Amino acid sequence: MDIKKLNYYYNKFKFGEDNFHNLMRKRVHEILLVSTFYDAFIFEQDGRLSEQIYGEYMQLNLSTAPRITSVPTGEQALELLRKKRYDLVITMMRIGEISPFKLSKRIKEMYSGLPVLLLLNVQNDVGLIDKKSEEMKFIDNVFTWNGDSKIFLAMVKYIEDRWNVKNDTEQGLVRVILLVEDSIHYYSMFHPLLYAEIMKQTQRLISEELNDINKRQRMRARPKVLLCHSFDEAIKIYETYEEYIIAVISDVRYYFQGKIHPQAGIKLVRHLQMHGAQCPLLLQSSEEQFRQSARDLGVHFLLKTSKTLLHDLRSFIINNLGFGDFVFRDAQGKEITRVTCMRDFERNLRDIPERSLLYHSNRNDFSTWLTAHGEFLFAKRIRALSSSDFETIESLRDYLVSAFREIRIQRNRGKIIHFTPDSINTEERGIIRIGEGSLGGKGRGIAFLNSLFCAMDLEEQFPDVTIRIPKTYIIGTAEYDWFIEHNRIGEWITRRSDDEIKRYFVESALSPTLMEMLQIFIQRVTCPLAVRSSGLLEDSQSQPFAGIYETYMVPNNCDERDMRLSHLTDAIKLVFASVYLQSARNYIESIQYKLEEEKMAVILQEAVGSNFQGYHYPHISGVGQSYNFYPTGNLKNSDGIAAIAIGLGKAVVEGDNIFRFCPQFPKTEIISQQELLGGTQKHFFAINTNCHDFSLLDDPNSTLARISLRQAETHGTLDHLVSVWDYENNRLITDLSVRGPRIADFADILKYKYFPLAAVLAEILEIGEQAMGVPVEIEFAIDLTTDASGGKRPTFYVLQIRPLTINTDEIYIDSDNINKDDVFLYTESGMGNGVISTIEDVIFLDPRTFDRTRTLEMKQEIAALNAKLNKEGRQYILIGPGRWGSRDRFLGVPVQWHEIFKAKIIVEAGIKDFVVDASQGTHFFHNLVSMNVGYFTVPTMSVTDFVDWDWLLAQKPAEKTEHMIHLRMDHPLVVKMDGRKGISFIYK
C-alpha cells in the first residue's frame, strides 16, 4: 500500500471531523451597540444581555461569546469604527443627531459588507418603518424588543446563518428552516422561539453523544433559520436549499411580485406542493378564515391572535420536526410510549404494535425524527420507502431495526467514546475511555489502528475474515495521578522490595468515580480480560518498553460479582505498581528519564479466543515485524518476519518454542523439517476459566494453565494448526488421523490458505509502517471459531502496535578483505549498524562449564556484574550460548532487560549439543533493538561464523565467577556492523 492510498483512507476517516470543523466558519465576535445610556443599562441589567449570550455559548460548549461595546451616539459609533473592526452593528432609533438611517449609510460607505440591524424598543416606531423606502436600503433588517434580551441572540444568529448557510449545507448537509414573515412584531417573536427550540434540541443531541468529536460536530451542525419577507425571496431561498429545508413557516399576507398580496402565503404553499415539497408546511395568519384554506391544502395552521400562539408554534416544531422525544402512538393517535434517544428508539421499535408501526411509517415520522437527529442520509433513504415496499409488516420492522442499528454503529465507528452503561455490550467498534487523562503509548497505538481499520474496510479485501481490535476500554492517566496522590505514594516507596510495593498498591484505594464505573463494567462484562499497561513512555519510537510492565489475565466469569470486581481492581493496581518495581526503575534510568515522568493508563481488553472445556484461548497468537533483522536465503529485510504459537501470546513474547515465517513468502521454510521436529511447540498457555479463588499478588500467572498439544487435540482446536510426522515417509503430513508426533507448523494456514494469515499480516504491517513512518511490530491473535449460520467468521485481532527502531546510518563491509585472524568474532547474522570503538569490557559464559540446568545461577551472576559496571559507567560485550532473555530457563539464561542493560553488544553463540533459535520476536529482543544494541547470533555448525573461544579463554580475567568470565582490555575493542548485509565482527 503506497502512502497516497493510506492518506486517502486517513482523510476518509477524518472527513466527518474535518467537515464539521469547516462549519460556522464566519462568526460574530465583536458587536457595536448604538443606544442611549438608559437603553444599554436596561438591556444589561434587566435583560442580562451579556449573561444571556455568554450562557448560550457556554451551554453549547462554543469557545468564545461575542463581546458587546456600547456607545450612546452615532458620532461616537463612527469614531470607534475608524479605530476598530466590528462584525455587527445594532442601532436603536434615538441615537443623537445622526439618525440610524444616516448612520447605516455612513457605515456602508466605510465597510460595505458590515451588517447593520435596527432594533426598535418603542412599539409605535414599528408603524414608522417602511422597508421599501429609500432610507431603509442600508439597514439589513429591523427587529423589535419586547423586554426579552433573547432577541439579541436571535439577531446574531440571523446574521451568522446568512453568512454560513451556503457553505454549511454543502459541507455538512446542515438543515434549514424557512421563515416567511413581514411583520416586524411577529418575526421578532418567532425568531427567538425557533432558536430556543433549536438550541434545546442541539443540547439534547450533544448529551446523547458518547464521543467528543461527535459532540463538537453537533454544536456546529444545528439547523439554520433563514428569514425573508416576500414571496419572491422565499422561492429563491427554497430553490437554492430545497434538499436541506426541513420546514417552511409562512405568513399569509405579504409581498408578491412587488405588491402586498392578501394570499401570498397560500400561493407559496401551492407552488411548493406543485414542486414536490415533502417537508412540513405551516401557515399562520391573524384571520381565522384561512384555517379552512390550510386544511384544504393539507398543511398546518396557527392563528396569530391566539393567546397560546407561541405554545402552538413550539408544539408544531416538536411534533413535526422531530425535535424532543419520539412519541409512539396507535392508529388513533393515542400515546403508547415515548423515547428520548436513538438506543431507546431501537429497543422500542422491536416491540411496538404493527398498527403503530404502520401509522408512523405512513406519516414519515421515522425519517423526520432521524433528520432532527442529524442522520440526513439515513432519513432520506427511509423516506423514499413506503410500507407497500415490504411483503409483511415484520419485514418493515426488521428493516427499520437494522437501519437504526447501523446508524448507531456508524456514529461511533473508529472513535474514542466515553464510558456509559450503554457503551458496553454493543457492536460499536470504538475505544471506550474510562475517566480522563492520556490513553498512554499503547492505548494511542490501538486507537489509531482502530480508526484506520474502520476507514479502510479491510474486510472488503478479505471477505471471509473479520479484522478488528478486541473490545477495548482504557482507564486514562488521570486515575493514576489520583491514585498516587491520594495514597501518598512517593520516592520513599522505592526503598521497599518489589513484593512490598505490590502489596502496598493492592491495599490502596482506587478513586470512588472509577470504582463506580468498574461496578457497572463488571455487571455488563463477563468474559475473560487482559489487563495491560499503557504508560506515557511506552511503545514510543525511542523507548518502546516492551515487556517491562506486566499483563494480567483475569477469567472474570464467576457468579460472585464482588469477587470479580476485586480481581479486576487488583490487576489494575498491580499495573500501576509496575512503574515502581526495580526492573522498570532501572529501565527508566537507563533511557535517561525520571520516574515521575512516567504515568500509567490501563487497558482492559476482552481476551481473544473461545472457551474449550474450561480453558479460554485463541487458536493462534503471534508477533509480526515489518523489518526482518535476520533474513535468510533470498529473503530481504523489508519482507518482514512473524513468530506464531498456539494459544495465548505469552509463549511468543517470552521466547518459547514457536514457529517463524515470512508474511511475504509464507511457504518458504526458515528452518528445516528435521530441526522443527526437535524444536516444535509442545505446550501452550490458556486462561483457566474454572479458576476463581486466586491471587495475582502472590502469582501473576495464577490464572493461566499450561496445556499440552495432546489435550488441545481433544478440544478440536488443532485441525488446521499442526501436522503429523510420518516416520515411514520421513515427512510432514496434515492428516491428524495418522499416529505420530504433532508438529506446530501451521501448514494448513500458511501453505494451503485455510485462513489468509500471511496476506492479512503483510497488509497490516505495511499499513502500520506507512502510518508510523518507521518499521513496526504488532501483536495479534486469531480466533478460527465459526458458526453454522456464517454469522461468525474467523477473526484476526490486532492487540497492539509499536515502532521498531532501525539505525539507517550506512556502513559498508567487504567480507573478502577481512583477515579473520584479526577478529575474535565474525557473523553474517548480525543486527546493528555502525562502528563502536569505546568498549573495553567483555563478559562471557564459560563454554567449558555451561550447564543448561543452572541458568538461574548464571542470571544472578550476570546481574551482579552488570550492576557493578553500571556504577562505573562502563558498557560491555556479552557473549553466551542459547537465548538471552528467554523465560524458559532451559533455552538460555532468563535475564530481564534491566539486569543486562549496560551491554552494548549481545551475542547468542551456539555450542555443541545446544542449538536454539535466536530471540527475534520476543519482548526482550524488541528492547535491545530499540536501544540500538548490537545483537549477533553465531550458529554452531556455521561454515563462516565463529567465536574464537580459545582466544577469549587465553585472556587474563579481571573477574571470574562460577560461570562467568569478565575481561577488561587495555585498549578499546572495535566493533563493525553492516546492517544491510548482516555482517558484523569484533577485532581482537
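This report describes the side-chain packing, ring pairs and charged contacts of the structure above, which is a predicted model.

## Nonpolar cores

The largest nonpolar core holds 97 residues, and the members that touch the most others are Phe505, Phe521, Val531, Ile572, Leu604, Ile879 and Leu952. Helix α23, which covers residues 561–577, supplies the largest share of this core, with 8 residues. Apart from this core lies another one, made of 66 residues, which include Met92, Leu120, Leu282 and Ala372.

Leu604 gives a view of the packing around one of these well-connected members. When residues up to four places away in sequence are left out, Leu604 touches Ile434, Lys471, Thr472, Tyr473, Ile475, Leu518, Phe521, Ala530, Val531, Leu568 and Ile572. Among these contacts, Phe521, Val531 and Ile572 also appear in the list of core residues that touch the most other members.

## Cysteines

A search of the whole structure finds 0 disulfides, a disulfide being a covalent bond between the sulfur atoms of two cysteines. Cys228 counts as buried, because its relative accessibility is 0%, and Cys662 likewise counts as buried, with a relative accessibility of 1%.

## Aromatic pairs and a cluster

Across the whole structure, the search for aromatic pairs finds 27. In one of them, the ring centres of Phe483 and Phe576 are 5.3 Å apart and the ring planes stand at 50°, so this pair is classed as tilted. Phe483 belongs to helix α20 (residues 477–486) and Phe576 to helix α23, so the pair ties together parts of the chain that are 93 residues apart in sequence. Phe483 counts as buried at 0% relative accessibility, and Phe576 is buried too, with a relative accessible area of 0%.

A pair of another kind is formed by Tyr826 and Phe946, whose ring centres are 6.4 Å apart and whose planes are at 20°, so that the pair is stacked. Since Tyr826 lies in strand β34 (residues 823–827) and Phe946 in strand β40 (residues 946–947), the pair ties together parts that are 120 residues apart in sequence. Tyr826 counts as buried at 0% relative accessibility, whereas Phe946, at 23%, counts as partly exposed. Elsewhere, Phe326, Phe328, Phe345, Phe366, Trp369 and Phe404 form one aromatic cluster.

## Charges over rings

Rings also take part in contacts with charged side chains. The charged end of Lys267 sits over the ring of Phe256, at 5.1 Å from the ring centre, and the charged end of Lys650 sits over the ring of Phe685, at 5.5 Å from the centre.

## Salt bridges

Side chains of opposite charge can pair when their charged atoms come close. In this model the count comes to 38 salt bridges. One of them joins Lys83 and Glu79, whose closest N and O atoms are 3.6 Å apart. These two residues are separated by about one helical turn, because they are 4 residues apart in helix α4 (residues 74–83). Lys83 counts as exposed at 66% relative accessibility, while Glu79 is partly exposed, with a relative accessible area of 42%.

A further salt bridge brings together the side chains of Glu713 and Arg742, at 3.0 Å from N to O. Glu713 is in helix α27 (residues 709–715) and Arg742 in strand β31 (residues 742–743), so this pair ties together parts that are 29 residues apart in sequence. Glu713 is partly exposed, with a relative accessible area of 31%, whereas Arg742 counts as buried at 17%. In addition, Glu840, Asp841, Glu872, Arg874 and Arg968 are linked in a network of salt bridges.

## Strand β33

Strand β33 spans residues 795–803 and contains Phe796, which is buried, with a relative accessible area of 0%. Measuring from C-alpha to C-alpha, Phe796 and Ala781 are 6.2 Å apart in space, although they are 15 residues apart in sequence.

The same strand also holds Arg802, while Glu777 lies in strand β32 (residues 776–783), so their pairing ties together parts that are 25 residues apart in sequence. Arg802 forms a salt bridge with Glu777, and the closest N and O atoms are 2.4 Å apart. Arg802 is buried, with a relative accessible area of 2%, and Glu777 is buried as well, with a relative accessible area of 1%.

Conventions. Residues numbered from 1 in each chain as written. Predicted model: local features only at pLDDT ≥ 70, side-chain atom pairs only at ≥ 80, totals over all residues. Heavy atoms only, no water. Core = buried A, V, L, I, M, F, W, Y, C linked by side-chain atoms within 4.5 Å. Buried < 20%, exposed > 50% of the residue type's maximum accessible area, 1.4 Å probe, protein only. Contact = heavy atoms within 4.5 Å. Disulfide = S-S within 2.5 Å. Phe/Tyr/Trp six-rings, centres within 6.5 Å; stacked < 30°, edge-to-face > 60°. Lys NZ or Arg CZ within 6 Å of the ring centre and 35° of its normal. Salt bridge = Lys/Arg side-chain N within 4 Å of Asp/Glu carboxyl O.
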